[in-house]
Amino acid sequence: MATPRDAEIRKDVQTYYGKVLKKSTDLQTNVCVTAARPVPQHIREALQNVHEEVSLRYYGCGLVIPECLENCWILDLGSGSGRDCYALSQLVGEKGHVTGIDMTEGQVEVANKYIEYHMEKYGFQAPNVTFIHGYIEKLEESGIKNESYDIVISNCVINLVPDKQQVLQEVYRVLKNGGELYFSDVYASLELPEEIRTHKVLWGECLGGALYWKDLFILAKKIGFCPPRLVTASFITVQNKELENMIGDCRFVSATYRLFKLPKTGPTKKCQVIYNGGITGHEKELIFDANFTFKKDEAVEIDEETAAILKNSRFAQDFLIGPDEEKLPTCGGCTALEVKDVITDPFELAGRSDSAESRSSLAVGGCCSTKKCS
């Protein structure tokens, strides 16, 4: 049951996103404009087809468009003005469907305003997208049924809800077996003190309600999900001195994780897999997460957890899966890779990304300097 404090937070968030923010440039941090990784061409094209007003009212961290989407049913938690929903509606096709749910009435109105515009642009005979005014921790109240979606996405929204466990429990309920929660959100490096958790602007900016990153793993296990799979992470910067002073030593990252709901089929052994290159936009390689990249026709050794996910999810059709004892035949004599240490800490991954970018910048800078001198 919601507490008076929860109700107050909900009201503050509705005000912040419905009245205070008019466009993404009104934000005080880079939380909701943090880039993830290079965007495939087919997704860039889908985003370019979204109406300008919808895109201007977009406040998300990272890009929450996973792979292998044809004919899928997708639920977007905190869909806002509908940018991600409209991009996804193109990618799932006319046989798929996308539902967006958001608690801010003004955002839902913007999203609904352009349904006919987008369906006509895509050449669809009937709408394959629906928008609901409701609460992401109360999906049942909005009529969303058990095991009705292949994928649930969320873009920088779960942190805005006080009861994260209730949100994840509802997601688990509505996902089909083998389904996935693919979501970007904000995480803190430590348990947040009271003064941060009760600050209205920090809540609106997605920092005040940020989960301590290790707590995500505790909640996932408690509810029944597989352990979270880290995809991308980047540090958050604050462009407001007063807010920066209040945050103190606490650090924040924007991170994308994958959470899978798998059937209880017993233990799965580690094995070798070969990706067949059949996923649109990822024909040469599939970057599954921060730990596994599958190149077409190359055998890769995977752990028990990854094997269970690939065998029981929508990705099964795109992999040749064999027991570890049998070496799978490969194209061009590619050899299997060794299973490596798995990265789960988003702050570690963000640090590695920053270091890689710094090295790249130095190399580019040296090259440009040389050219100028010659």
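**Notebook: sheet, rings and loops**

I looked up Asp-297 and recorded it as partly exposed, because its relative accessibility is 24%. The model is a predicted one, and I kept that in mind for every entry below. Asp-297 belongs to the loop between S11 and S12. I then read its backbone torsion: phi of Asp-297 is near 65°, which is a positive value in a residue other than glycine. I noted for context that most residues other than glycine have a negative phi.

**Entry: a second positive phi**

I turned to Glu-147, where phi is near 45°, again a positive value in a residue other than glycine. Glu-147 sits in the loop between strand S3 (129-133) and strand S4 (149-155). Is Glu-147 buried or partly exposed? I entered Glu-147 as partly exposed, because its relative accessibility is 44%.

**Entry: the chain as a whole**

I looked up the overall content and found 13 helices and 13 strands in the chain. Of the 374 residues in the chain, 52% are buried. I also asked what share of the contacts with a separation of 6 or more comes from residues 24 or more positions apart. The share is 80%.

**Entry: the sheet S12-S9-S13**

I traced an open sheet of 3 strands, in the order S12-S9-S13, with antiparallel pairing. Which strands stand at the edges? Strand S12 (299-302) and strand S13 (319-323) do; each has a single partner strand, so one side of each has no neighbour in the sheet. From one strand to the next, I recorded an average twist of 30°.

I next examined the pairing of S9 with S12. Strand S9 (residues 271-275) is joined to S12 by 4 bridges, and the two run antiparallel. Within this pairing, Ile-274 is placed opposite Ala-299 in S12. I also looked for a helix on the sheet: helix H12 (residues 304-312) lies across S9, S12 and S13, and it runs at about 115° to S12.

**Entry: aromatic pairs**

I searched the whole structure for aromatic pairs, and the search returned 15. I examined Tyr-275 and Phe-319 from this set: their ring centres are 5.5 Å apart and their planes stand at 40°, so I entered the pair as tilted. Because Tyr-275 lies in strand S9 and Phe-319 in strand S13, the pair ties together parts that are 44 residues apart in sequence. I checked accessibility for both partners. Tyr-275 is buried, with a relative accessible area of 0%. Phe-319 also counts as buried, because its relative accessibility is 8%.

I then took up Phe-288 and Phe-315, an edge-to-face pair with 5.4 Å from centre to centre and 80° between the planes. Phe-288 is in the loop between strand S10 (285-287) and strand S11 (293-295), while Phe-315 is in the loop between H12 and S13; this pair therefore ties together parts that are 27 residues apart in sequence. I found both Phe-288 and Phe-315 buried.

Which residues do the ring pairs link into a cluster? I listed Phe-260, Tyr-275, Phe-288, Phe-292, Phe-294, Phe-315 and Phe-319. Both of the pairs entered above thus fall within this cluster.

**Entry: charges over rings**

I looked for charged groups over aromatic rings and noted two cases. Arg-258 lies over the face of Phe-288, at 4.6 Å from the ring centre. The charged end of Lys-138 is placed over the ring of Tyr-135, 5.9 Å from its centre.

**Entry: helix H2**

I inspected helix H2 (residues 41-48) and found Ile-43, Ala-46 and Leu-47 buried. I viewed H2 down its axis: the buried residues fall within an arc of 100°, so they line one face of the helix. I then asked which helix the buried residues of H2 pack against. It is helix H4 (83-92).

**Entry: Thr-280**

I closed with Thr-280, which is located in the loop between S9 and S10. I entered Thr-280 as partly exposed, because its relative accessibility is 38%. Leaving out residues up to four places away in sequence, I found that Thr-280 touches His-42 and Glu-70. Thr-280 and His-42 are 238 residues apart along the chain, and I recorded 8.1 Å between their C-alpha atoms.

Technical notes. Residues numbered from 1 in each chain as written. Predicted model: local features only at pLDDT ≥ 70, side-chain atom pairs only at ≥ 80, totals over all residues. Heavy atoms only, no water. Pairing = 2+ DSSP bridges. Axes fitted to C-alpha atoms, helices over the stretch in contact; angles between N-to-C directions. Contact = heavy atoms within 4.5 Å. Phe/Tyr/Trp six-rings, centres within 6.5 Å; stacked < 30°, edge-to-face > 60°. Buried < 20%, exposed > 50% of the residue type's maximum accessible area, 1.4 Å probe, protein only. Lys NZ or Arg CZ within 6 Å of the ring centre and 35° of its normal. Arc of directions from axis to C-beta.
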